[in-house]
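These are my notes on the model, set out as numbered points. Please read them alongside the coordinates.

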Amino acid sequence: MIIEHFLEEIQPVVERYGRYALLIQRAVYSDDKGDFPNEAERIFTDADLIVQEGISRELKKLLSRGYHFRLFAEEDSPYNDEFPKQSNTLVVLDPIDGTLLYKRGHSWFSVIVSIYQDGCIKGALVHTPADGRTYCAAH
């Protein structure tokens, strides 16, 4: 997999869903995941699922264009089972990094996609919707 091409293809999708999460922030439903001692681990919003599933649908399209990777997404979703179980490339998706802040109305959250090959990080894309910036790095 050419990491730079992968990141270029997914960047507009991440930015679109990040903007959407920012737009719905004030009205989105939230709940607790269960018995976690840390509130940041417990918190969950519908935006987490909306963003994750939207980006996952686009990642699935990349599989049909020749990319091969496993997906580890933060939230449970039916889309998670749509990805290969075996690959030396792992894509990690955190749909809303900073969910606790997001729930409390702070706009400084991010959407993160990381790529690992053979257990080593090879690239990452971080989008901060509050300022519209996207940070991208590939090794």
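1. Of the 139 residues in the protein chain, 42% are buried. The model is a predicted one, and every value in this note should be read with that in mind.

2. The exposed surface of the protein chain comes to about 7500 Å². Carbon and sulfur atoms supply 50% of that area.

3. On overall dimensions, the C-alpha trace spans about 40 × 35 × 25 Å along its principal axes. The radius of gyration is 15 Å, which agrees with the value near 14 Å for a compact globule, because that is what the rule gives for 139 residues.

4. The secondary structure consists of four helices and seven strands. Their order along the sequence is α-β-α-β-α-β-β-α-β-β-β; the pattern thus opens with a helix and ends with three strands in succession.

5. Contacts in the protein chain were also sorted by sequence separation. Taking those with a separation of 6 or more, 49% join residues 24 or more positions apart.

6. The protein chain carries 15 positive and 22 negative charges. The mean position of the positive charges lies 4 Å from that of the negative charges.

7. One residue deserves a separate entry: is D48 buried or exposed? D48 belongs to helix α3, which covers residues 46–64. Its relative accessibility is 0%, and the cut-off for buried is under 20%, so D48 counts as buried. Beyond its neighbours within four places in sequence, D48 is in contact with E75, P95, I96 and T99.

Key. Residues numbered from 1 in each chain as written. Predicted model: local features only at pLDDT ≥ 70, side-chain atom pairs only at ≥ 80, totals over all residues. Heavy atoms only, no water. Helix = DSSP H or I, 4+ residues; strand = E, 2+ residues; numbered from the N terminus. Rg over C-alpha atoms; globule rule 2.2 N^0.38 Å. Buried < 20%, exposed > 50% of the residue type's maximum accessible area, 1.4 Å probe, protein only. Contact = heavy atoms within 4.5 Å. Areas by Shrake-Rupley, 256 points an atom, 1.4 Å probe, with all protein chains shown as cover. Lys, Arg positive; Asp, Glu negative; His and termini not counted. Charge placed at Lys NZ, Arg CZ, Asp CG, Glu CD.
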